Amino acid sequence: MKLPLVITLALSTAASAAPKPLPAGYWPESRTQELLAKTETIRLAPDLSRLTPEEQRAVKDLLEVGRILQRVYEESRHPQALEAHARLTRLAPRSDLLTLYRLFQGPIATTLDNRREPFLPVTAEVPGRNVYPPDATREEVDAFLARFPEQREAILGERTVVHRATKAWLDQDLATLGKHPVLAVLHPRLAPYLKALAKKPDAKTLYAVPYPVAYANDFVRAYELLMRAADSVEKGDGEFARFLRNRARDLLSNDYESGDASWVTGRFQRLNAQIGAYETYDDALYGVKAFHGMSLLLENEEATGALRRALGGLQALQDSLPYVHPRRVREDIPVGVYEVIADFGQARGTNTASILPNDPLFSRRYGRTILLRDNIMKNPDLFAADERIRRAATVDAHAGDLAPEGNSHRTLWHEIGHYLGVERDAKGRTLDVALEDYADALEEMKADLVSLFALHSMNKNGTVGDATLRAVRASGIRRTLQNAKPRRDQPYQTMQLIQFNWFLAHGLLEADPKTARLTIRYERYPETVTSLLKEVLTLQHAGDKAAAARFFDQWTTWTPELHEALAARIREAQGARFRVVHYGALGE
């Protein structure tokens, strides 16, 4: 039967409007929805109306710097990330795939059973991400460094990208230095070294270039924007302007000292910003490469003032740690309470606080600054998720133990905990050099434990009340609860599992064999925390990577009858597993 012309045209129009199926390698909607059904959106939109017109102009430029560092972060995590995103938007911009890319900041998703899988047609994720050659193995790099130990500092440098000495890579890096003479001036030994390698290219030879050479076009543009933002705020906030100019130069020189010094010691008006590559969590090959991020922050002056007045006595706390090697620490730590305007790259997510810089030399010379993200710490949706997990994991007798103030106090003293304890190992090496891929997990665990240790001490001397201490203790237990078995390349989750197992073995936690729900023996808290803190400090001071490996092997046990049963209860109760953060300042 012949269809009427009107119906035929309608069907033809509908067919032409239907989206074309995507090629192989793109997840179907059924797979993306498995993850997006477990994803919630958090929106951060502080009131910026109190900023001056000059500060408003600076914010626009700083947000553009953030967008640049976001692209650099995605590129540094996967060699095909930016290309895959551009191809997706050209082919058929499916909102679910774009949301997944935004959530995981690249084309690799974390599945509900904690595996890492591509959801776009790209190569599988490798431990070296895109800051080492994608096909490089740990064994190959170790063997190369054994033959050429003089290259260790460059190859394992915190802010370098490692390339193979092929003609293509050498030509590209030399062309970059020719295009941007400022980089050739700031890194004068690089061009002669590359030219020497270019006389006899060899794919088995590895070499490193500093980040500003690897990401030259992006960094030169970021430099221009930071300088312009500094000009905008010069009259109203000269110290912030000075920091921005120093950080602009840092990005090109690959030396953060001037920026870190002016950042930590500066006294800014309303705006603050964490800019650059600091944290090494994304490097799953050696755990030494820092990845880029940025946080643009608006200070809560009243809360900051109250907090600074409450801090003190850090040397006494350092001296009281279960650690026999004396060390002098600065007592005056710059600390601020902020609302997040926007986060980018490694800083993006629901991170509650940070303490930087990490460099022990800069820390000794200038101190460190603590940034508390108030509109994340006090977000009611985030606390509600914590409370659901706590109720699913612990017996009813612990109802009411967890409270927002417990998370806030524990978070603050976790960041201070990074400042205390071991700075270098017994041989004088920095901990990332000595312990490599175990360094981050041990450092985060130390900070957790120092936080709990400190707040117990403060309760004893009367500066922290019993109700607050109980909330802190409950928060410390909540911190250790896992919804899936951690991968070894997840330093936070790995150190949390170690704490959980230690707490079980030492009687702080008792698990019901039938329900897997936990009872907390609060009377065991001080002794248990102190014993694990002593172990961690000992491992850090020894700087013995083999001993750290044995410790991790011993304390990362995961059993189906307890750990998996408890994780299943948590997964059922927690609601969202993932969070996409939107920012009002970006028009989201």
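**T556 and two helices in a predicted model**

User: Where in this predicted model is T556 placed?

Analyst: This is a predicted model, and the helices on either side give the position of T556. Helix α26 covers residues 545-555 and helix α27 covers residues 560-574, and the place of T556 is in the loop between α26 and α27.

User: Is T556 buried or exposed?

Analyst: The cut-off needed here is that buried means under 20% relative accessible area. Because the relative accessibility of T556 is 15%, T556 counts as buried.

User: Which residue has a side chain joined to that of T556 by a polar contact of 3.4 Å?

Analyst: Leaving aside residues up to four places away in sequence, T556 touches R488, T494, L497, I498 and N501. A polar atom of the T556 side chain also lies 2.6 Å from the backbone oxygen of F552. The side chain joined to that of T556 by the 3.4 Å polar contact belongs to R488.

User: How many residues of α20 are buried?

Analyst: Helix α20 runs over residues 404-419 and reaches 24 Å from its first C-alpha to its last, close to the 22 Å expected. Among its buried residues are W413, H414 and Y419. The helix is mostly covered, and of its 16 residues the number buried is 12.

User: Which residue just after α25 takes a positive phi?

Analyst: Helix α25, residues 525-542, reaches 26 Å from its first C-alpha to its last, close to the 26 Å expected. Its buried residues include Y525, L532 and H541, and what covers the buried residues of α25 includes α22 and α26. Just after this helix, the residue with a positive phi of about 65° is G543.

Definitions and conventions: Residues are numbered from 1 along each chain as its sequence is written. This is a predicted model: local features need pLDDT of at least 70, side-chain atom pairs count only at pLDDT 80 or more; totals for chains, interfaces and linings use all residues. Side-chain values use heavy atoms; hydrogens and water are left out. Helices (H or I, at least four residues) and strands (E, at least two) are DSSP runs, numbered from the N terminus. Buried means under 20% relative accessible area, exposed over 50%, partly exposed in between (1.4 Å probe, protein chains only). A polar contact is a pair of N or O atoms within 3.5 Å; within protein, one must be able to donate a hydrogen and the other to accept it, and residues adjacent in sequence count only if both atoms are side-chain atoms. Contact means heavy atoms within 4.5 Å. The expected span of a helix is 1.5 Å times one less than its number of residues.
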